[in-house]
Amino acid sequence: SVLEVAGEVYGKPKDKSEAIERWQKMRGRVGTLYTGHALIDRVNHQTLTRCGITKVHFANISDETIIAYVNTEEPLKCAGCFALEGKGGLFVERLEGCHSNVIGLSLPLFRQMLTDFGYQITDFW
């Protein structure tokens, strides 16, 4: 996954200072999260690749809040410098698009990719 904000593309931050600087740029803005998905059908020797896209509206948080969040080290492990399913979810105002894409696997996109291969999700239950 990568996050684009104001024309800049971000992966995981390399350290705390980069994470703080990035959050100072992200706060109060909208980012676009791109998550690549690949599915391999080993039986039929087929591969599909797709990209899930979700708009993320970030809260306008204070420098103190940014520093406290970065000190949890959670944003250091995440593309886009936040974890929706963790503490970082408190700093997301809203999403446009698939929420599970932000967590790392777009379930609707996964289901569609299985359908494109000719399977139904229930085939795996």
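**Close-up views of the predicted model**

The crossing of helices H1 and H2 is right-handed. That's a good place to start with this model, which is predicted.

**View 1. Helix H1 meets helix H2.** Here H1, residues 16–26, packs against H2, residues 63–71, at an angle of about 140 degrees, and the two axes sit 10 Å apart. That angle makes H1 oblique to H2. On the H1 side, look for Lys16, Ala19, Ile20, Trp23 and Gln24; H2 brings Asp63, Ile66, Ile67, Tyr69, Val70 and Asn71 to the contact. Sort these by class and you get 7 nonpolar, 2 polar and 2 charged residues.

**View 2. Trp23 and Phe91, an aromatic pair.** The structure holds 6 aromatic pairs. In this one, the rings of tryptophan 23 and phenylalanine 91 are edge-to-face, with 6.0 Å from centre to centre and 80 degrees between the planes. The pair ties together distant parts of the chain: tryptophan 23 belongs to helix H1, while phenylalanine 91 lies in the loop between H2 and S5, 68 residues apart. Trp23 also turned up in View 1, as one of the H1 residues in contact with H2.

**View 3. The whole sheet.** Pull back a little and you'll find an open sheet of 5 strands, in the order S2-S1-S3-S4-S5, with antiparallel pairing. The edges are S2 (8–10) and S5 (92–96), each of which pairs on one side only. From one strand to the next, the twist averages 25 degrees. Helix H4, residues 107–116, packs on this sheet and touches S3 and S4; its direction makes about 160 degrees with that of S4.

**View 4. Strands S3 and S4, side by side.** Strand S3 (residues 30–41) and strand S4 (residues 46–58) run antiparallel and are joined by 12 bridges. To find your way along the pair, start with valine 30, which stands opposite histidine 57 in S4. Threonine 35 has glycine 52 of S4 as its bridge partner, and histidine 37 stands opposite arginine 50 in S4. At the turn, the hairpin of S3 and S4 has 4 residues between the strands, and histidine 45 takes a positive phi near 55 degrees.

**View 5. The neighbours on either side.** Strand S1 (residues 2–5) runs antiparallel to S3, and 4 bridges join them. Glutamate 4 is a handy landmark here, standing opposite threonine 32 in S3. Now move over to S4 and S5, which also run antiparallel, with 4 bridges between them. Along that border, phenylalanine 58 has valine 92 in S5 as its bridge partner.

**View 6. Back out to the full chain.** How many helices and strands does the protein chain have? The count comes to 4 helices and 5 strands. Reading along the sequence, they follow the pattern β-β-α-β-β-α-β-α-α. The C-alpha trace spans about 50 × 30 × 25 Å along its principal axes. To place the earlier close-ups, remember that S3 and S4 are the strands touched by helix H4, and that H1 and H2 are the helices packed with their axes 10 Å apart.

Notes. Residues numbered from 1 in each chain as written. Predicted model: local features only at pLDDT ≥ 70, side-chain atom pairs only at ≥ 80, totals over all residues. Heavy atoms only, no water. Axes fitted to C-alpha atoms, helices over the stretch in contact; angles between N-to-C directions. Helix = DSSP H or I, 4+ residues; strand = E, 2+ residues; numbered from the N terminus. Parallel < 35°, antiparallel > 145°, perpendicular 65-115°, else oblique. Left-handed = near helix turned anticlockwise from the far one by under 90°. Contact = heavy atoms within 4.5 Å. Nonpolar A, V, L, I, M, F, W, Y, C, P; charged D, E, K, R; others polar. Pairing = 2+ DSSP bridges. Phe/Tyr/Trp six-rings, centres within 6.5 Å; stacked < 30°, edge-to-face > 60°.
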